[in-house]
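Q: I should be grateful for a close look at one part of this structure, namely its largest pocket. Please describe what lines this pocket and then place the pocket in its surroundings.

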Amino acid sequence: MKKGILLAAFGSASPLGEKALNGFAETVSGRFPDARVRFAFTSDRMRTRLAAAGKKTDSVKKALCRMGFERYTHVAVQSLHLIPGLEYESLVEETRAAQAHGGPKHIAVGKPLLQEPEDVRLAANALLAHLPPERGPDEAVVCMGHGTWHTGAASYEALARTLALSDKRIFIGTLEGEHSIDCLLPAITATGAKTVWLLPLLSIIGKHAEQDMAGMSPDSWSSRIRKAGLVCKPVLQGTVEYAGFAEIWLMHLATALGVLTAKQLLETTVTATESEV
Ligand code: CO
């Protein structure tokens, strides 16, 4: 048996994002020392951009086929996405395709951050534990997720509802989908908050956090918050960098590896029975 872990993120061309991913990979290696850790990026556009800049990256399918060629037998693919949306679906499809094209014999996929109701509860606790310590009691917090029109968006809503039970000044918005910053602004000002902490609800820092969230352009979230007369304090740290969130992904990875180990046990039993015969 040759065991591997493939961490599959959307992708990032930002040095901050790369640093965060490497940090997470180190944590993963420390936690699961008997498996080699590799990366794949699920966004083809990001991979093309990186390739143009001379950086080669693997898609999930390519990475798995390569691992198959290198005789890996058991591989856990861990999604580093926030929600079970389009990126996650294509990750699962690519895993199937790899299995049919020379990939490792046994592959298990680890769920994204916010899959089960229990994940949402844990993520809400993680967020509450990782709020900026300088935040005053009457200051608002806005978390910017990517968002989607896919049904996976329900995960953001579940998180927002759970957080609202503990803190009425925490808001979850998304770049795409229904909960844009324009929709949130009236509710934020209604709380009486004069200052807004702006946090990315994205696994790693990239263009969305640096430009769409905290950028200088007039339509960035920070510009729009300031235009509404509020003080905006962006924090550039991806969720994978917070221990509380990382722990949820690690838990999902442990489950995926558990599935592989169960398969391995089954095989050993089958082989043993066969040899007995
Ligand atoms: Co995007």
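A: In this predicted model, helix H2 (44-52), helix H4 (86-100) and H8 each contribute at least two residues to the lining of the largest pocket. H2 provides the largest share, with four residues. The volume of the largest pocket is about 850 Å³. Its lining comprises 28 residues, and those closest to the centre are Phe10, Ser43, Glu87, His146 and His208. By character, the lining consists of twelve nonpolar, ten polar and six charged residues.

Two of the residues closest to the centre of the largest pocket, His146 and His208, also bind a metal. Through their NE2 atoms, His146 and His208 coordinate the cobalt ion at 2.1 to 2.2 Å. His146 belongs to the loop between strand E5 (140-145) and helix H6 (154-166), whereas His208 belongs to helix H8 (residues 207-213), so the pair ties together parts that are 62 residues apart in sequence. Both histidines fall in the partly exposed class, which spans 20% to 50% relative accessible area: His146 has a relative accessible area of 23%, and His208 has a relative accessibility of 24%.

A second pocket may be set beside this one. The second largest pocket holds about 320 Å³ of space. Its lining is made up of 17 residues, with Glu18, Phe39, Phe41, Lys56 and Thr57 nearest the centre. Helix H1 (15-31) and strand E2 (36-41) are the elements that give two or more residues to this lining. The lining of the second largest pocket divides into seven nonpolar, five polar and five charged residues.

The nonpolar interior completes the surroundings. In soluble globular proteins, nonpolar side chains tend to be buried together. Here, the largest nonpolar core has 51 residues, of which Ile5, Phe24, Val28, Leu159, Phe245 and Trp249 touch the most other members. Helix H10 (residues 243-276) makes the greatest contribution to this core, namely nine residues. Another core, of 20 residues, lies apart from the largest one and includes Ala140, Val142, Phe171 and Trp221. As for Leu159, its contacts beyond neighbours within four places in sequence are Leu114, Val120, Ala123, Ala124, Ile172 and Leu201.

One backbone feature remains to be noted. Arg71 lies in the loop between helix H3 (60-69) and strand E3 (74-79). Although Arg71 is not glycine, its phi is positive, near 65°. Arg71 is exposed, with a relative accessible area of 67%.

Notes: Residues are numbered from 1 along each chain as its sequence is written. This is a predicted model: local features need pLDDT of at least 70, side-chain atom pairs count only at pLDDT 80 or more; totals for chains, interfaces and linings use all residues. Side-chain values use heavy atoms; hydrogens and water are left out. Donors are N, O and S atoms within 2.8 Å of the metal (3.2 Å for Na, K and Ca); water is not among the atoms, so sites may look incomplete. Buried means under 20% relative accessible area, exposed over 50%, partly exposed in between (1.4 Å probe, protein chains only). A nonpolar core is a set of buried Ala, Val, Leu, Ile, Met, Phe, Trp, Tyr and Cys residues joined through side-chain atoms within 4.5 Å. Contact means heavy atoms within 4.5 Å. On a 1 Å grid over the protein atoms alone, a cavity is a set of points where a 1.4 Å probe fits but cannot get out, and a pocket is an open set with protein on both sides within 12 Å along at least five of seven lines; lining residues have an atom within 4 Å of a point. Grid points are joined across faces, edges and corners, and a volume is the space filled by probe spheres set on the points. Ala, Val, Leu, Ile, Met, Phe, Trp, Tyr, Cys and Pro count as nonpolar, Asp, Glu, Lys and Arg as charged, and the others, Gly among them, as polar.
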